[in-house]
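Welcome! Here is a short briefing to help you find your way around this structure, starting with its aromatic rings and moving on to its ligand.

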Amino acid sequence: MQSDVVIVGGGAIGAAAAYFLRAHPRACSVTVIERDPTYQWASTPRASGGVRRLFALPENIELSNYSIPFFERFETDMAVGGEPAAINFKKGGYLFIVPPGAVDNLRRNFETQKAHGVNVVLLDQKGLKDTFPSMIVDDLGAGVHSPDDGWLDPHSVLQGLRKKAQALGAQFINDEVVGLETSERAVRAVTLKSGRQVRAGAVINAAGAWAKDICAMVGWQVPIEPMRRYEHYFETEEKIEPLPYIKDVNRLAFRPEGKGYSGGVPTLDEPRGFNFDIDHGYFEQVVWPALAARFPQFERTKEKNTMPGLYDQNEFDASPIIGPWSGHLDNFYLMAGFSGHGLMHAPGCGRAIAELILDGAFRTIDLTRLGWSRVPDGRPYAETGII
Ligand SMILES: Cc1cc2nc3c(=O)[nH]c(=O)nc-3n(C[C@H](O)[C@H](O)[C@H](O)COP(=O)(O)OP(=O)(O)OC[C@H]3O[C@@H](n4cnc5c(N)ncnc54)[C@H](O)[C@@H]3O)c2cc1C
């Protein structure tokens, strides 16, 4: 079997890449190898679903500026055979809140966001209290509210991208990549667990938290590690005004969900590894105190459900690595290291990789600075402020 592009991993990133490659005017055959079509351990269906433009790096803001309107049109644009692709997009807004010491940084980011056309409102302590009266603001210096951001259902996004890519001719194969065959600075084929081989013109590594293992098959050492993070569902009997997706500098992040709320407190202290165990003490000891300190209505809240999932954490600078292993295997592309933002940026990154492979250069958003070379060159390209 032969394919112009073979994609390893069919999560949100791999499926988006497949869709944009097939939607590109230049025709190419696309094969996605996904070992688990139920996506039991994949990160995408375990994501919180937040989509926001509140970043500091221009690339991230532009990726959101493209991806969020894409999600707003998703239901109709990704429809297949007249069947709408609902993703339950809720334009509930985002709110970043910071203590006085971080206000200058927040304001700088706010100016950058405004310069990129984002609808953002800077709120001082009083403005925060006036807008969200239930929130305890005594320790806060300011916040930035982005009313056009929101959240959606990650599983539906994945299925919608996958089905549309398939409808456009991408082939999804249920198998596991166990090896990569190379010669003369190029990947020539992927070897599958079933024993089959797929010859490839180019290979994209979109294996998320497993991306490092795929790179290791050709001796490419990348600083991407699996990092467990919990998403909790909790409720409160007491009324709170409608809330946006709230994030603070202590990494508390949550949003409304059904009758309750969904969110958590990811920590970089988490040991790296493929760990899906649940420590129910984490909600009690870390998440609940953070919630109760921000909203008195959460004083008596209880964890109703906890779902563990993995970040594909880039230990170098927590920004994704997008692009080829230039100078080594020029047709081997990495799209991983999203460190918590992969779902929201899947459309923008999918379009970018399609341009890079089929046009030979980024056309719409220049992601050169997110390429691999910054790692060996020791030039981190990190988000500032809350991530
Ligand atoms: C709790 C939690 C909350 C999050 N919240 C958000 C959020 O609010 N917003 C946001 O944008 N992002 C969020 N994220 C991050 C987001 O989930 C990821 O960045 C994104 O899903 C990555 O997509 P992916 O396709 O790269 O990875 P995955 O969805 O993990 O897909 C990778 C696929 O590769 C397959 N695979 C691996 N190895 C092989 C192999 N050898 N052969 C074949 N297939 C293979 C796996 O089976 C898997 O299906 C969150 C993550 C977690 C864990």
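With ring centres within 6.5 Å taken as the rule for pairing, the count comes to 26 aromatic pairs. Please keep in mind as you read that this is a predicted model.

**Aromatic pairs to look at**

- Start with Phe 234 and Phe 254, whose ring centres are 6.1 Å apart and whose planes meet at 50 degrees, so this pair counts as tilted.
- This pair links distant parts of the chain: Phe 234 belongs to strand β12 (residues 224-235) and Phe 254 to strand β14 (residues 253-257), with the two positions 20 residues apart in numbering.
- Are Phe 234 and Phe 254 buried or exposed? Both of them are buried.
- Next come Phe 295 and Phe 298, an edge-to-face pair with 6.0 Å from centre to centre and 80 degrees between the planes.
- Phe 295 and Phe 298 are both buried too.

**A cluster, and charges over rings**

- One aromatic cluster is formed by Tyr 19, Phe 20, Tyr 66, Phe 70, Phe 71 and Phe 74.
- Tyr 66, a member of that cluster, also has a charged partner: Arg 351 lies over the face of its ring, at 3.6 Å from the ring centre.
- Elsewhere, Arg 52 lies over the face of Phe 55, at 4.3 Å from the ring centre.

**The shell around the ligand**

- Which residues come nearest to the ligand? Of the 35 residues around it, they are Glu 34, Ser 43, Thr 44, Gly 50 and Met 344.
- Sorted by class, this shell holds 16 nonpolar, 12 polar and seven charged residues.
- Four elements each supply at least two residues of the shell: the helices α1 (12-23) and α9 (342-358), and the strands β2 (30-34) and β16 (302-314).
- Strand β16 gives the most, with four residues.

**Backbone contacts and burial of the ligand**

- In Ala 12, a backbone N or O atom lies 3.1 Å from an oxygen atom of the ligand.
- Gly 342 also places a backbone N or O atom by a ligand oxygen atom, here at 2.9 Å.
- For Arg 35, the contact is between a polar backbone atom and a nitrogen atom of the ligand, 3.3 Å apart.
- How much of the ligand does the protein bury? Taken alone the ligand exposes 1000 Å², and the protein buries 98% of that.

Conventions:
Residues numbered from 1 in each chain as written. Predicted model: local features only at pLDDT ≥ 70, side-chain atom pairs only at ≥ 80, totals over all residues. Heavy atoms only, no water. Phe/Tyr/Trp six-rings, centres within 6.5 Å; stacked < 30°, edge-to-face > 60°. Buried < 20%, exposed > 50% of the residue type's maximum accessible area, 1.4 Å probe, protein only. Lys NZ or Arg CZ within 6 Å of the ring centre and 35° of its normal. Near = heavy atom within 4 Å. Polar contact = N/O pair within 3.5 Å; in protein donor to acceptor, adjacent residues only side chain to side chain. Areas by Shrake-Rupley, 256 points an atom, 1.4 Å probe, with all protein chains shown as cover. Nonpolar A, V, L, I, M, F, W, Y, C, P; charged D, E, K, R; others polar.
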